[in-house]
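Hi,

I hope your week is going well. Here is the structure I promised to pass on, and my notes follow just below it.

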Amino acid sequence: MTAPAAPAPPEYPDAIDAAVLKIAGVVVLGAIMSILDITVVNIALTKFQTEFAEPGGQPLLYSTVAWTVTAYTLALATVIPLTGWAADRFGTKRLYIMAVVLFTAGSALCATAGSIEVLIGYRVLQGLGGGMLMPLGMTIMTRAAGPARMGRLMAILGIPMLLGPIFGPILGGWLIDNYSWHWIFLINVPIGVVAVAYALWALPSDAPEPSESFDVVGMLLMSPGLALFLYGVSSIPGERTVGSAKVLVPGLVGLVMIAAFVVYSFRPTHPLLDLRLFANRRLTVATITMFLFGAAFFGGLLLVPQYLQQVRGETPLHAAYLMVPQGIGAMLTMPVAGALADKLPVGRIVPFGLLLITGGMFALTQVTAETSYWGYLIPVLFVMGLGMGGTMMPIMTSALKTLTHHQVARGSTLLNITQQIASSIGVAVISVVFTSYLTASPTAGAVLAAQFDPAVREQLGAQGLAQAVSELADVYGKTFLIAAILCATTLVAAAFLPRRHESSHLLDDEAPAAPVVLH
(Lines give C-alpha, C1' and ligand atoms only; values in the text may rest on other atoms or scores of the structure.)
Protein backbone atom coordinates (compact mmCIF):
# COMPACT_ATOMS: atom_id res chain seq x y z
CA MET A 1 0.00 0.00 0.00
CA THR A 2 1.43 3.36 -1.01
CA ALA A 3 1.84 5.88 1.80
CA PRO A 4 -0.01 9.17 1.27
CA ALA A 5 2.16 12.00 0.04
CA ALA A 6 3.00 14.74 2.47
CA PRO A 7 0.99 17.89 1.92
CA ALA A 8 2.80 20.68 0.13
CA PRO A 9 3.85 23.67 2.23
CA PRO A 10 1.25 26.45 2.22
CA GLU A 11 1.64 29.21 -0.33
CA TYR A 12 1.41 32.84 0.75
CA PRO A 13 0.92 36.06 -1.19
CA ASP A 14 3.77 38.54 -1.07
CA ALA A 15 1.62 41.47 0.08
CA ILE A 16 0.28 41.85 3.62
CA ASP A 17 -3.36 40.94 3.07
CA ALA A 18 -6.48 41.50 5.17
CA ALA A 19 -6.50 37.92 6.48
CA VAL A 20 -3.06 38.31 8.06
CA LEU A 21 -3.84 41.79 9.42
CA LYS A 22 -6.93 40.35 11.10
CA ILE A 23 -4.77 37.83 12.94
CA ALA A 24 -2.12 40.45 13.69
CA GLY A 25 -4.78 42.58 15.39
CA VAL A 26 -5.45 39.81 17.91
CA VAL A 27 -1.79 39.41 18.75
CA VAL A 28 -1.12 43.15 19.03
CA LEU A 29 -4.11 43.57 21.38
CA GLY A 30 -2.79 40.84 23.67
CA ALA A 31 0.74 42.23 23.56
CA ILE A 32 -0.54 45.71 24.42
CA MET A 33 -2.26 44.35 27.54
CA SER A 34 0.81 42.46 28.72
CA ILE A 35 3.47 45.09 28.03
CA LEU A 36 1.38 48.12 28.97
CA ASP A 37 0.62 46.52 32.33
CA ILE A 38 4.31 46.32 33.22
CA THR A 39 4.95 50.00 32.53
CA VAL A 40 1.67 51.27 33.96
CA VAL A 41 2.39 49.63 37.32
CA ASN A 42 5.89 51.13 37.45
CA ILE A 43 4.49 54.62 37.88
CA ALA A 44 2.15 53.50 40.70
CA LEU A 45 4.88 52.23 43.02
CA THR A 46 5.11 55.49 44.99
CA LYS A 47 1.31 55.44 45.38
CA PHE A 48 1.48 51.87 46.71
CA GLN A 49 3.97 53.01 49.39
CA THR A 50 1.34 55.25 50.97
CA GLU A 51 -1.81 53.32 49.97
CA PHE A 52 -0.64 50.15 51.75
CA ALA A 53 1.21 51.98 54.55
CA GLU A 54 2.03 50.35 57.88
CA PRO A 55 -0.63 50.59 60.64
CA GLY A 56 1.16 53.60 62.15
CA GLY A 57 1.05 55.45 58.83
CA GLN A 58 4.69 54.74 57.96
CA PRO A 59 5.02 54.37 54.16
CA LEU A 60 6.22 51.00 52.91
CA LEU A 61 9.79 50.69 51.72
CA TYR A 62 10.30 51.06 47.98
CA SER A 63 12.00 47.66 47.90
CA THR A 64 8.78 46.14 49.28
CA VAL A 65 6.35 47.63 46.77
CA ALA A 66 8.82 46.92 43.94
CA TRP A 67 7.91 43.24 44.36
CA THR A 68 4.61 44.01 42.62
CA VAL A 69 6.76 44.35 39.49
CA THR A 70 9.25 41.60 40.35
CA ALA A 71 6.52 39.03 41.15
CA TYR A 72 4.96 39.62 37.74
CA THR A 73 8.36 39.22 36.05
CA LEU A 74 9.13 36.01 37.93
CA ALA A 75 5.75 34.53 36.96
CA LEU A 76 6.46 35.44 33.33
CA ALA A 77 9.82 33.70 33.48
CA THR A 78 8.32 30.60 35.10
CA VAL A 79 5.54 30.02 32.57
CA ILE A 80 7.37 30.94 29.35
CA PRO A 81 9.29 27.62 29.17
CA LEU A 82 5.98 25.72 29.27
CA THR A 83 4.49 27.65 26.36
CA GLY A 84 6.13 25.75 23.52
CA TRP A 85 4.96 22.36 24.80
CA ALA A 86 1.49 23.64 25.67
CA ALA A 87 1.07 25.23 22.21
CA ASP A 88 1.90 21.91 20.55
CA ARG A 89 -0.30 19.95 22.92
CA PHE A 90 -3.45 22.11 23.12
CA GLY A 91 -3.24 24.30 20.02
CA THR A 92 -2.24 27.95 19.85
CA LYS A 93 -5.78 29.36 19.58
CA ARG A 94 -7.14 27.68 22.69
CA LEU A 95 -4.01 28.38 24.71
CA TYR A 96 -3.92 32.04 23.63
CA ILE A 97 -7.54 32.58 24.67
CA MET A 98 -6.87 30.86 27.99
CA ALA A 99 -3.84 33.13 28.58
CA VAL A 100 -5.93 36.26 27.92
CA VAL A 101 -8.65 35.03 30.31
CA LEU A 102 -6.07 34.29 33.04
CA PHE A 103 -4.43 37.69 32.61
CA THR A 104 -7.79 39.50 32.65
CA ALA A 105 -8.95 37.64 35.77
CA GLY A 106 -5.67 38.47 37.50
CA SER A 107 -6.13 42.14 36.59
CA ALA A 108 -9.61 42.24 38.09
CA LEU A 109 -8.39 40.59 41.28
CA CYS A 110 -5.47 43.04 41.60
CA ALA A 111 -7.98 45.89 41.78
CA THR A 112 -9.57 44.26 44.85
CA ALA A 113 -6.31 43.86 46.81
CA GLY A 114 -6.42 45.23 50.35
CA SER A 115 -2.78 44.68 51.22
CA ILE A 116 0.56 44.69 49.45
CA GLU A 117 0.96 40.93 50.07
CA VAL A 118 -2.37 40.16 48.40
CA LEU A 119 -1.55 42.47 45.48
CA ILE A 120 1.79 40.70 44.95
CA GLY A 121 -0.02 37.34 44.94
CA TYR A 122 -2.53 38.50 42.32
CA ARG A 123 0.31 39.90 40.23
CA VAL A 124 1.73 36.38 40.05
CA LEU A 125 -1.60 35.19 38.62
CA GLN A 126 -1.47 38.00 36.07
CA GLY A 127 2.05 37.04 35.10
CA LEU A 128 1.12 33.41 34.50
CA GLY A 129 -1.28 34.58 31.79
CA GLY A 130 0.86 37.44 30.51
CA GLY A 131 3.93 35.23 30.16
CA MET A 132 2.23 33.13 27.47
CA LEU A 133 0.87 36.03 25.42
CA MET A 134 4.10 37.16 23.71
CA PRO A 135 5.59 33.77 22.72
CA LEU A 136 2.16 32.56 21.59
CA GLY A 137 1.60 35.78 19.65
CA MET A 138 4.94 35.40 17.89
CA THR A 139 4.07 31.77 17.02
CA ILE A 140 0.64 32.69 15.63
CA MET A 141 2.01 35.57 13.53
CA THR A 142 4.97 33.55 12.25
CA ARG A 143 2.76 30.72 11.06
CA ALA A 144 0.26 33.11 9.50
CA ALA A 145 2.80 35.22 7.64
CA GLY A 146 5.10 32.77 5.92
CA PRO A 147 8.83 33.48 5.48
CA ALA A 148 8.51 36.16 2.78
CA ARG A 149 6.39 38.44 4.99
CA MET A 150 7.98 37.78 8.37
CA GLY A 151 9.83 41.09 8.65
CA ARG A 152 6.77 43.23 7.99
CA LEU A 153 4.59 41.18 10.35
CA MET A 154 7.18 41.24 13.14
CA ALA A 155 7.33 45.02 12.74
CA ILE A 156 3.61 45.14 13.50
CA LEU A 157 4.12 42.96 16.59
CA GLY A 158 6.96 45.24 17.69
CA ILE A 159 4.71 48.30 17.94
CA PRO A 160 3.32 47.51 21.43
CA MET A 161 6.78 46.40 22.57
CA LEU A 162 8.07 49.89 21.82
CA LEU A 163 5.05 52.03 22.64
CA GLY A 164 4.23 50.28 25.92
CA PRO A 165 7.21 51.76 27.80
CA ILE A 166 6.42 55.20 26.32
CA PHE A 167 2.68 55.53 26.82
CA GLY A 168 2.28 53.19 29.80
CA PRO A 169 3.56 55.75 32.33
CA ILE A 170 1.40 58.47 30.73
CA LEU A 171 -1.72 56.33 31.02
CA GLY A 172 -0.81 55.24 34.55
CA GLY A 173 -0.17 58.79 35.73
CA TRP A 174 -3.43 60.04 34.22
CA LEU A 175 -5.51 57.26 35.78
CA ILE A 176 -3.95 57.72 39.22
CA ASP A 177 -4.24 61.52 39.13
CA ASN A 178 -7.86 61.57 37.93
CA TYR A 179 -9.32 58.36 39.38
CA SER A 180 -7.45 55.88 41.61
CA TRP A 181 -4.71 53.26 41.44
CA HIS A 182 -7.38 50.54 41.03
CA TRP A 183 -8.00 51.68 37.45
CA ILE A 184 -4.51 50.75 36.25
CA PHE A 185 -5.74 47.16 36.65
CA LEU A 186 -9.44 47.57 35.90
CA ILE A 187 -8.69 49.06 32.48
CA ASN A 188 -7.45 45.60 31.42
CA VAL A 189 -10.87 44.00 32.00
CA PRO A 190 -12.79 45.49 29.04
CA ILE A 191 -9.69 45.14 26.83
CA GLY A 192 -9.44 41.48 27.84
CA VAL A 193 -13.11 40.83 27.04
CA VAL A 194 -12.68 42.40 23.60
CA ALA A 195 -9.47 40.43 23.04
CA VAL A 196 -11.16 37.09 23.82
CA ALA A 197 -14.12 37.85 21.53
CA TYR A 198 -11.78 39.04 18.76
CA ALA A 199 -9.58 35.93 19.10
CA LEU A 200 -12.57 33.59 18.90
CA TRP A 201 -13.59 35.27 15.65
CA ALA A 202 -10.24 36.00 13.98
CA LEU A 203 -7.86 33.18 14.86
CA PRO A 204 -8.07 30.08 12.65
CA SER A 205 -8.68 26.78 14.41
CA ASP A 206 -5.51 24.73 14.62
CA ALA A 207 -5.11 21.03 15.29
CA PRO A 208 -2.73 20.25 18.16
CA GLU A 209 0.34 18.15 17.48
CA PRO A 210 0.18 14.42 18.22
CA SER A 211 0.45 14.06 21.99
CA GLU A 212 3.98 14.37 23.36
CA SER A 213 4.98 13.30 26.83
CA PHE A 214 5.37 16.26 29.12
CA ASP A 215 8.94 16.84 30.30
CA VAL A 216 8.27 16.79 34.05
CA VAL A 217 11.95 16.61 35.02
CA GLY A 218 12.77 19.52 32.70
CA MET A 219 9.96 21.61 34.19
CA LEU A 220 11.11 20.87 37.77
CA LEU A 221 14.61 22.01 36.84
CA MET A 222 14.06 24.92 34.44
CA SER A 223 11.04 26.87 35.68
CA PRO A 224 11.97 27.01 39.40
CA GLY A 225 15.65 27.44 38.47
CA LEU A 226 14.89 30.40 36.23
CA ALA A 227 12.60 31.96 38.86
CA LEU A 228 15.23 31.54 41.62
CA PHE A 229 17.99 32.98 39.44
CA LEU A 230 15.93 36.04 38.49
CA TYR A 231 14.84 36.44 42.13
CA GLY A 232 18.49 36.64 43.14
CA VAL A 233 19.32 39.06 40.33
CA SER A 234 16.27 41.22 41.14
CA SER A 235 17.35 41.42 44.79
CA ILE A 236 20.75 42.98 43.96
CA PRO A 237 19.59 46.64 43.81
CA GLY A 238 17.77 46.38 47.16
CA GLU A 239 20.66 44.62 48.89
CA ARG A 240 23.24 46.91 47.21
CA THR A 241 25.70 44.02 46.96
CA VAL A 242 26.07 40.75 45.13
CA GLY A 243 27.49 39.17 48.30
CA SER A 244 24.19 39.21 50.20
CA ALA A 245 22.67 35.82 51.11
CA LYS A 246 19.37 36.99 49.61
CA VAL A 247 21.19 37.35 46.28
CA LEU A 248 23.71 34.51 46.37
CA VAL A 249 21.61 31.64 47.73
CA PRO A 250 18.67 31.78 45.27
CA GLY A 251 20.93 32.98 42.44
CA LEU A 252 23.43 30.12 42.76
CA VAL A 253 20.75 27.48 43.38
CA GLY A 254 18.93 28.74 40.30
CA LEU A 255 22.10 28.63 38.20
CA VAL A 256 22.83 25.05 39.30
CA MET A 257 19.29 23.99 38.38
CA ILE A 258 19.53 25.72 34.99
CA ALA A 259 22.92 24.07 34.34
CA ALA A 260 21.45 20.69 35.28
CA PHE A 261 18.59 21.33 32.87
CA VAL A 262 21.00 22.15 30.04
CA VAL A 263 22.81 18.84 30.56
CA TYR A 264 19.56 16.90 30.90
CA SER A 265 17.66 18.57 28.02
CA PHE A 266 19.53 16.63 25.32
CA ARG A 267 18.25 13.28 26.63
CA PRO A 268 14.44 13.37 26.13
CA THR A 269 12.95 13.33 22.64
CA HIS A 270 10.69 16.29 23.48
CA PRO A 271 12.44 18.48 26.10
CA LEU A 272 10.73 21.41 27.78
CA LEU A 273 13.10 23.79 25.97
CA ASP A 274 14.60 22.42 22.78
CA LEU A 275 18.22 23.53 23.02
CA ARG A 276 18.95 21.49 19.91
CA LEU A 277 17.54 24.46 17.99
CA PHE A 278 20.84 26.21 18.67
CA ALA A 279 22.35 23.96 16.01
CA ASN A 280 20.73 26.55 13.72
CA ARG A 281 23.51 29.13 13.43
CA ARG A 282 21.16 31.98 12.56
CA LEU A 283 19.05 31.33 15.67
CA THR A 284 22.17 31.14 17.86
CA VAL A 285 23.71 34.39 16.59
CA ALA A 286 20.36 36.21 16.78
CA THR A 287 19.81 34.98 20.36
CA ILE A 288 23.25 36.13 21.51
CA THR A 289 22.77 39.51 19.83
CA MET A 290 19.33 39.89 21.41
CA PHE A 291 20.68 39.01 24.86
CA LEU A 292 23.43 41.64 24.71
CA PHE A 293 21.08 44.22 23.20
CA GLY A 294 18.33 43.59 25.80
CA ALA A 295 20.71 43.81 28.75
CA ALA A 296 22.42 46.98 27.54
CA PHE A 297 19.48 48.92 26.13
CA PHE A 298 16.73 48.13 28.66
CA GLY A 299 19.13 48.59 31.56
CA GLY A 300 20.19 52.00 30.26
CA LEU A 301 16.66 53.00 29.31
CA LEU A 302 15.63 52.66 32.97
CA LEU A 303 17.86 55.61 33.85
CA VAL A 304 16.26 58.24 31.60
CA PRO A 305 12.94 58.75 33.46
CA GLN A 306 14.81 58.62 36.77
CA TYR A 307 17.17 61.35 35.60
CA LEU A 308 14.24 63.51 34.50
CA GLN A 309 12.50 63.15 37.87
CA GLN A 310 15.43 63.20 40.30
CA VAL A 311 17.77 65.68 38.60
CA ARG A 312 15.37 67.85 36.63
CA GLY A 313 12.47 67.68 39.12
CA GLU A 314 9.88 66.56 36.57
CA THR A 315 6.70 64.80 37.63
CA PRO A 316 6.33 61.15 36.50
CA LEU A 317 3.69 62.21 33.99
CA HIS A 318 5.82 65.02 32.49
CA ALA A 319 8.84 62.70 32.38
CA ALA A 320 6.73 60.23 30.42
CA TYR A 321 5.79 62.95 27.91
CA LEU A 322 9.47 63.75 27.40
CA MET A 323 10.09 60.10 26.49
CA VAL A 324 7.55 60.20 23.65
CA PRO A 325 10.09 61.31 20.95
CA GLN A 326 11.84 57.98 21.40
CA GLY A 327 8.61 56.16 20.55
CA ILE A 328 8.06 58.39 17.53
CA GLY A 329 11.54 57.57 16.24
CA ALA A 330 10.87 53.86 16.61
CA MET A 331 7.54 54.13 14.80
CA LEU A 332 9.27 55.77 11.83
CA THR A 333 11.95 53.11 11.35
CA MET A 334 10.18 49.92 12.43
CA PRO A 335 7.97 49.52 9.32
CA VAL A 336 10.94 50.33 7.07
CA ALA A 337 13.18 47.84 8.89
CA GLY A 338 10.43 45.21 8.71
CA ALA A 339 10.07 45.61 4.95
CA LEU A 340 13.85 45.55 4.47
CA ALA A 341 14.15 42.39 6.60
CA ASP A 342 11.98 40.61 4.01
CA LYS A 343 14.35 41.62 1.21
CA LEU A 344 17.81 41.98 2.73
CA PRO A 345 19.85 39.91 5.21
CA VAL A 346 19.48 41.37 8.71
CA GLY A 347 23.27 41.59 8.99
CA ARG A 348 22.99 44.58 6.65
CA ILE A 349 20.20 46.24 8.69
CA VAL A 350 20.70 45.67 12.42
CA PRO A 351 24.24 47.15 12.77
CA PHE A 352 22.98 50.56 11.61
CA GLY A 353 20.29 50.52 14.30
CA LEU A 354 22.79 49.44 16.94
CA LEU A 355 25.15 52.26 15.94
CA LEU A 356 22.37 54.82 16.45
CA ILE A 357 21.51 53.35 19.87
CA THR A 358 25.15 53.18 20.95
CA GLY A 359 25.81 56.72 19.77
CA GLY A 360 22.74 57.95 21.61
CA MET A 361 23.79 56.21 24.81
CA PHE A 362 27.27 57.77 24.61
CA ALA A 363 25.58 61.16 24.06
CA LEU A 364 23.63 60.67 27.30
CA THR A 365 26.92 60.47 29.22
CA GLN A 366 27.15 64.26 28.78
CA VAL A 367 23.88 65.13 30.57
CA THR A 368 24.05 67.76 33.30
CA ALA A 369 21.57 69.48 35.59
CA GLU A 370 20.97 72.12 32.88
CA THR A 371 21.01 70.04 29.67
CA SER A 372 18.62 71.54 27.12
CA TYR A 373 15.58 69.41 26.38
CA TRP A 374 14.94 70.54 22.80
CA GLY A 375 18.54 71.34 21.99
CA TYR A 376 20.01 68.06 23.18
CA LEU A 377 18.03 65.46 25.16
CA ILE A 378 14.94 65.11 22.94
CA PRO A 379 16.99 64.78 19.70
CA VAL A 380 19.16 62.12 21.39
CA LEU A 381 16.12 60.13 22.51
CA PHE A 382 14.62 60.45 19.03
CA VAL A 383 17.81 59.05 17.45
CA MET A 384 17.83 56.16 19.94
CA GLY A 385 14.23 55.44 18.98
CA LEU A 386 15.22 55.34 15.32
CA GLY A 387 17.86 52.79 16.23
CA MET A 388 15.58 50.62 18.32
CA GLY A 389 12.96 50.49 15.58
CA GLY A 390 15.58 49.07 13.24
CA THR A 391 17.03 46.55 15.66
CA MET A 392 14.82 44.33 17.80
CA MET A 393 12.24 42.93 15.39
CA PRO A 394 14.71 42.29 12.53
CA ILE A 395 16.78 40.20 14.99
CA MET A 396 13.69 38.15 15.88
CA THR A 397 12.81 37.84 12.20
CA SER A 398 16.27 36.46 11.43
CA ALA A 399 15.96 33.87 14.17
CA LEU A 400 12.50 32.59 13.24
CA LYS A 401 12.77 32.65 9.46
CA THR A 402 14.74 29.42 9.13
CA LEU A 403 12.74 27.35 11.63
CA THR A 404 10.33 24.66 10.49
CA HIS A 405 6.64 24.85 11.33
CA HIS A 406 6.97 22.61 14.38
CA GLN A 407 10.00 24.54 15.67
CA VAL A 408 8.34 27.96 15.61
CA ALA A 409 6.59 27.68 19.00
CA ARG A 410 9.77 26.41 20.66
CA GLY A 411 11.97 28.96 18.91
CA SER A 412 9.79 31.89 19.96
CA THR A 413 9.82 30.51 23.52
CA LEU A 414 13.64 30.53 23.54
CA LEU A 415 13.71 34.11 22.23
CA ASN A 416 11.24 35.34 24.85
CA ILE A 417 13.15 33.70 27.68
CA THR A 418 16.36 35.25 26.38
CA GLN A 419 14.79 38.70 26.28
CA GLN A 420 13.32 38.30 29.78
CA ILE A 421 16.61 37.18 31.34
CA ALA A 422 18.58 39.85 29.48
CA SER A 423 16.36 42.74 30.55
CA SER A 424 16.33 41.53 34.18
CA ILE A 425 20.13 41.22 34.27
CA GLY A 426 20.57 44.55 32.50
CA VAL A 427 18.30 46.41 34.92
CA ALA A 428 20.04 44.79 37.91
CA VAL A 429 23.55 45.57 36.63
CA ILE A 430 22.77 49.19 35.80
CA SER A 431 20.95 49.64 39.13
CA VAL A 432 23.97 48.31 41.04
CA VAL A 433 26.37 50.54 39.08
CA PHE A 434 24.18 53.57 39.73
CA THR A 435 23.87 52.74 43.44
CA SER A 436 27.65 52.28 43.73
CA TYR A 437 28.34 55.69 42.18
CA LEU A 438 25.64 57.24 44.35
CA THR A 439 27.10 55.73 47.53
CA ALA A 440 30.51 57.13 46.61
CA SER A 441 28.96 60.61 46.39
CA PRO A 442 27.02 61.33 49.63
CA THR A 443 26.23 64.86 48.45
CA ALA A 444 24.44 63.50 45.36
CA GLY A 445 22.47 61.10 47.55
CA ALA A 446 21.27 64.04 49.63
CA VAL A 447 19.16 65.18 46.65
CA LEU A 448 16.98 62.09 46.98
CA ALA A 449 16.58 62.62 50.71
CA ALA A 450 15.72 66.30 50.14
CA GLN A 451 12.81 65.33 47.89
CA PHE A 452 11.04 63.67 50.85
CA ASP A 453 12.39 65.59 53.86
CA PRO A 454 12.03 69.41 54.05
CA ALA A 455 14.57 69.47 56.88
CA VAL A 456 17.26 68.12 54.55
CA ARG A 457 16.40 70.79 51.95
CA GLU A 458 16.67 73.50 54.58
CA GLN A 459 19.99 72.12 55.81
CA LEU A 460 21.49 72.06 52.32
CA GLY A 461 20.32 75.53 51.37
CA ALA A 462 19.86 76.75 47.81
CA GLN A 463 23.56 76.68 46.91
CA GLY A 464 24.19 73.29 48.52
CA LEU A 465 21.15 71.78 46.83
CA ALA A 466 22.29 73.07 43.43
CA GLN A 467 25.72 71.53 43.99
CA ALA A 468 24.15 68.23 45.05
CA VAL A 469 21.92 68.15 41.97
CA SER A 470 24.96 68.78 39.77
CA GLU A 471 26.79 65.86 41.38
CA LEU A 472 23.72 63.64 40.96
CA ALA A 473 23.66 64.48 37.24
CA ASP A 474 27.33 63.45 37.09
CA VAL A 475 26.41 60.09 38.68
CA TYR A 476 23.86 59.55 35.92
CA GLY A 477 26.45 60.46 33.27
CA LYS A 478 28.92 57.92 34.62
CA THR A 479 26.25 55.22 34.71
CA PHE A 480 25.18 56.02 31.15
CA LEU A 481 28.81 55.43 30.15
CA ILE A 482 28.66 51.84 31.44
CA ALA A 483 25.38 51.30 29.54
CA ALA A 484 26.97 52.76 26.39
CA ILE A 485 29.95 50.40 26.64
CA LEU A 486 27.55 47.46 27.02
CA CYS A 487 25.68 48.66 23.91
CA ALA A 488 28.95 48.78 21.99
CA THR A 489 29.61 45.09 22.76
CA THR A 490 26.38 44.23 20.96
CA LEU A 491 28.00 45.35 17.70
CA VAL A 492 30.49 42.48 18.01
CA ALA A 493 27.71 39.87 18.08
CA ALA A 494 25.80 41.69 15.31
CA ALA A 495 28.84 41.34 13.03
CA PHE A 496 28.07 37.60 12.85
CA LEU A 497 24.45 38.07 11.73
CA PRO A 498 23.83 36.78 8.16
CA ARG A 499 24.99 39.24 5.51
CA ARG A 500 23.79 37.19 2.55
CA HIS A 501 20.52 35.49 1.73
CA GLU A 502 19.96 32.07 3.22
CA SER A 503 17.19 29.65 2.39
CA SER A 504 14.07 29.85 4.56
CA HIS A 505 12.41 26.70 5.83
CA LEU A 506 9.61 28.23 7.84
CA LEU A 507 6.41 26.26 7.55
CA ASP A 508 8.03 23.44 5.58
CA ASP A 509 6.98 20.14 7.06
CA GLU A 510 9.68 18.53 9.11
CA ALA A 511 8.88 15.00 8.04
CA PRO A 512 6.21 13.44 5.85
CA ALA A 513 5.22 11.16 8.70
CA ALA A 514 4.00 13.92 10.95
CA PRO A 515 2.75 16.92 9.00
CA VAL A 516 1.46 19.97 10.84
CA VAL A 517 -2.14 20.78 10.11
CA LEU A 518 -3.26 24.39 10.18
CA HIS A 519 -6.84 25.17 9.17
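Of the 519 residues in the chain, 55% count as buried (under 20% relative accessible area with a 1.4 Å probe, counting protein chains only; exposed is over 50%, and partly exposed lies in between). Please keep in mind that this is a predicted model, where local features need pLDDT of at least 70, side-chain atom pairs count only at pLDDT 80 or more, and totals for chains, interfaces and linings use all residues. Residues are numbered from 1 along each chain as its sequence is written, and side-chain values use heavy atoms, with hydrogens and water left out.

The chain has 21 helices and zero strands (DSSP runs numbered from the N terminus: H or I of at least four residues for helices, E of at least two for strands). Among contacts (heavy atoms within 4.5 Å) with a separation of 6 or more, 84% join residues 24 or more positions apart.

Now to the inside. The largest nonpolar core (buried Ala, Val, Leu, Ile, Met, Phe, Trp, Tyr and Cys residues joined through side-chain atoms within 4.5 Å) has 84 residues. Phe297, Leu308, Met361 and Leu364 have the most contacts inside this core. Helix H21 (residues 454–494) gives the most to it, with eleven residues. A second, separate core has 28 residues, including Ala86, Met132, Leu136 and Ile140.

Leu364 is a nice residue to click on: leaving aside residues up to four places away in sequence, Leu364 touches Val304, Leu377, Val380, Met384, Gly477 and Phe480.

Next, a helix pair. Helix H12 (residues 281–301) and helix H13 (residues 303–310) pack at about 15 degrees with their axes 5 Å apart; axes are lines fitted to C-alpha atoms over the stretch in contact, and angles run from 0 to 180 degrees between N-to-C directions. H12 is therefore roughly parallel to H13, as angles under 35 degrees count as roughly parallel. On the H12 side the contact is made by Gly299, Gly300 and Leu301, and on the H13 side by Leu303, Val304 and Pro305.

Two more places to look at:

- Helix H18 (residues 392–401) is mostly covered, with ten of its ten residues buried. Among them are Met392, Pro394, Thr397 and Lys401.
- Val27 lies in helix H1 (residues 18–42) and is buried, with a relative accessible area of 2%. The C-alpha atoms of Val27 and Ala195 are separated by 8.9 Å, although these residues are 168 apart along the chain.

Enjoy exploring!

Best wishes

Conventions: Angles under 35 degrees count as roughly parallel, over 145 as roughly antiparallel, 65 to 115 as roughly perpendicular and the rest as oblique.
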